Amino acid sequence: MVDTWTLLIVDDCAADRKIYRRYLLQDPYNTYKIFEADCAESGLALCQKMHCDVILLDFCLPDMSGLELFDRLNKEILDTPKTVIMLTGRGDEEVAVQAMKRGAQDYLVKQYLKPDVLQLAVRNAIKQSYLQAQLYKTRERQRLIATTALRIRQSSDLEQILNTAVVEVQQLLKCDRVLLYQFAPDNRGKTVASSVESGETLAASHDIQDICQEVGGENHVWGCKLPITQVCEVGLSNDYLHLLEQFKTKDNLVVPIHLSNNGDRENPLWGLLIAHHSSQERQWQTDEVEMLNELSVQLAIAIQQAELLAQTQAALLKEKQLNTFKSQIVATVSHEYRTPLTSILAAASTLIKYGQQLNESKQQKFLGMIEEKARSMSKLVDNMLMVNQIELDKTRFKPIPLDLLQFFTDILEQAQETLTHEHELIFNSSGNYQDFWGDRGLLQQIFINLVSNAIKYSPNGGNIKFELIGTESDVMVYIKDEGIGIPIADQQKLFQSFSRGSNVGTIPGTGLGLAIAKSCVELHGGNIQLSSQIGQGTKVIVSLPKQPSFV
Ligand code: ATP
Ligand code: MG
């Protein structure tokens, strides 16, 4: 195929211009659209009006020298580098050298000009200038990508990265909107960042979101309704491409964002980077597609780094919490064990030394004390093991069908044994609490702790009301006492391990019961709340789904 190039001859000699024109029109390889100017000013004016691929420039012009015109061309017409062939007279080599130094492509001595010489010189100049323009464009693109990528990757915060990315890409492509759509594991997804050109309506960007969502939900095929013109094909399976082909419209440019080593090989597709232009028709250029594609790679790296950092920080935090927890365990064990151990040792030595001299009831008293202290120490160990398992996420949850009425009757019978005559335990049940599934061991942890709190923190006795209410999908359990209550300031943190109210006085406890209860409730997918007034009593509400979601 023969290319057509635009050529400008600036020469004051009409005869010479005619010769050059004739020579060039004979070129078998290129065709030229030739413009002529007989002085520097009109040559300059033509260059300002249109793009010339090559300028043939006579060094001796009536209004200024060819070199001066060349300087003005470079200074006043800035779009692309100028491709100039200088025409000199015999003996003007000095001028030619200066022209070449200023960036002229070539020079020809007029007197020796033959058709093939001129044709070859122009063809070479065109080829060279084309390569230069390509190089210039590539460098410019690399520079833009590098600066944009730098800005995107400046932050380690995921949200900031995504927001910067859409703004930068929108500015780079000068389009109406840029969206980042992230797929969720179930292939549904959402727009996680968007940049909208001022004046554009946000509703329009929601359209894309809706489409993506709709599409994401359908049989794991996200592309089937997406109005896509040009989709970078990198890494997309043929299935996707085939589907995308059918829904081409005029103005979207979509590239996938693949995370390379996210450990989930089956779904490395993180999301889509969508550039949208609707204010006017737009045919995306190859280098724009390439640019967006390269930026999506940079973005993927930034996302991965941010996610990795967040994971590391979370792991560090967990590690720190575990360390604090371990120190608390050591502190609690040494503190809580010392007092009962001292009592046990004292009672045991008294029995060994003076056992013979003590009557039976006194001996029983010492033995009873040893048993009670040993029991409470054993409970402490159990609680700590339980909390440790919870902290390490090792607690097992094995739901089975449970008869709740029987279950709570057993719990309350056990509790009855520890009651003094000043306490009254009242149990009520209503509604439908059948078809309940739960983990018996974990439920015991919850309710034994709650009932024992209600008893323990009501040292002056009073009613302890226990109520079971069944609804269609949940059961609610209320445990209400008339004890010492909890100061408002303490209430928030009581579900954390080792946390106790400031009003407990000498009532023993380690601050683990509520933390255990909360974790066990959460394993059931339920909820626990507490309301209390100091001196008035405390009410704890536990709600549990009748059937945890994975039964
Ligand atoms: P243990 O680990 O032996 O259960 P504990 O009872 O101190 O010790 P939690 O059951 O976790 O620990 O309770 C935490 C704190 O919440 C208690 O120390 C107490 O201050 C407060 N609390 C819990 N239940 C009640 C209640 N029914 N009335 C008043 N205060 C309560
Ligand atoms: Mg307790």
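What follows is a conversation about a predicted model of a protein with one bound ligand discussed in some detail.

Reader: I'm new to this one, so how many helices and strands does the protein have?
Author: This is a predicted model, and in it the protein has 14 helices and 17 strands. Of its 551 residues, 43% count as buried, and the protein exposes about 30300 Å², of which carbon and sulfur atoms supply 52%.

Reader: And what share of the contacts join residues at least 24 apart?
Author: Taking the contacts between residues at least 6 apart in sequence, 64% join residues that are at least 24 apart.

Reader: Let's go to ligand 1, then: which residues come nearest?
Author: There are 21 residues around ligand 1, and the ones that come nearest are Tyr457, Arg500, Gly501, Thr510 and Leu514. By type, the residues of this shell divide into seven nonpolar, ten polar and four charged.

Reader: Which helices supply at least two residues of that shell?
Author: Helix H10 (360-391), helix H12 (440-456) and helix H14 (513-523) each do so, and the largest share, three residues, comes from H12.

Reader: What polar atoms of the protein lie by the ligand's nitrogen and oxygen atoms?
Author: A nitrogen atom of ligand 1 is 2.8 Å from an N or O atom in the side chain of Asp481, while an oxygen atom of the ligand is 2.8 Å from an N or O atom in the side chain of Thr510. The backbone takes part as well, since a polar backbone atom of Leu514 is 2.7 Å from an oxygen atom of ligand 1.

Reader: How much of the ligand's accessible area does the protein cover?
Author: On its own, ligand 1 has 590 Å² of accessible area, and the protein covers 97% of that.

Reader: Back to H12 for a second: is Ile455 buried or exposed?
Author: Ile455, which lies in helix H12, counts as buried because its relative accessible area is 11%, and the cut-off for buried is under 20%. Leaving aside neighbours within four places in sequence, Ile455 is in contact with Ala415, Thr418, Leu419, His423 and Ile464.

Reader: Where is Glu482 relative to Ile455?
Author: Along the chain the two residues are 27 apart, and the C-alpha atoms of Ile455 and Glu482 are separated by 9.4 Å.

Reader: Changing topic to strand E17, how many of its residues are buried?
Author: Strand E17, residues 537-545, is mostly covered, with seven of its nine residues buried.

Reader: Which strands pair with E17?
Author: Strand E15 (residues 474-480) runs antiparallel to E17 and is joined to it by seven bridges, with Val542 in E17 as the bridge partner of Val477. Strand E16 (residues 527-533) also pairs with E17 in the antiparallel sense, over seven bridges, and here Thr538 in E17 is the bridge partner of Ser532.

Reader: What sits in the hairpin of E16 and E17?
Author: Three residues lie between the strands of that hairpin, and Gly535 takes a positive phi near 80°.

Reader: You mentioned Thr538, so why does Thr538 count as buried?
Author: Thr538 counts as buried because its relative accessibility is 10%, and buried means under 20%. The side chain of Thr538 makes a polar contact with the side chain of Ser532, at 2.9 Å, so these bridge partners are also linked through their side chains.

Reader: What else is Thr538 in contact with?
Author: Leaving aside neighbours within four places in sequence, the contacts of Thr538 include Ile479, Lys480, Gly485, Ile486 and Leu530. Asp481 is among them too, and the side chain of Asp481 has an N or O atom 2.8 Å from a nitrogen atom of ligand 1.

Methods. Residues numbered from 1 in each chain as written. Chains lettered and ligands numbered in written order. Predicted model: local features only at pLDDT ≥ 70, side-chain atom pairs only at ≥ 80, totals over all residues. Heavy atoms only, no water. Near = heavy atom within 4 Å. Polar contact = N/O pair within 3.5 Å; in protein donor to acceptor, adjacent residues only side chain to side chain. Areas by Shrake-Rupley, 256 points an atom, 1.4 Å probe, with all protein chains shown as cover. Helix = DSSP H or I, 4+ residues; strand = E, 2+ residues; numbered from the N terminus. Nonpolar A, V, L, I, M, F, W, Y, C, P; charged D, E, K, R; others polar. Buried < 20%, exposed > 50% of the residue type's maximum accessible area, 1.4 Å probe, protein only. Contact = heavy atoms within 4.5 Å. Pairing = 2+ DSSP bridges.
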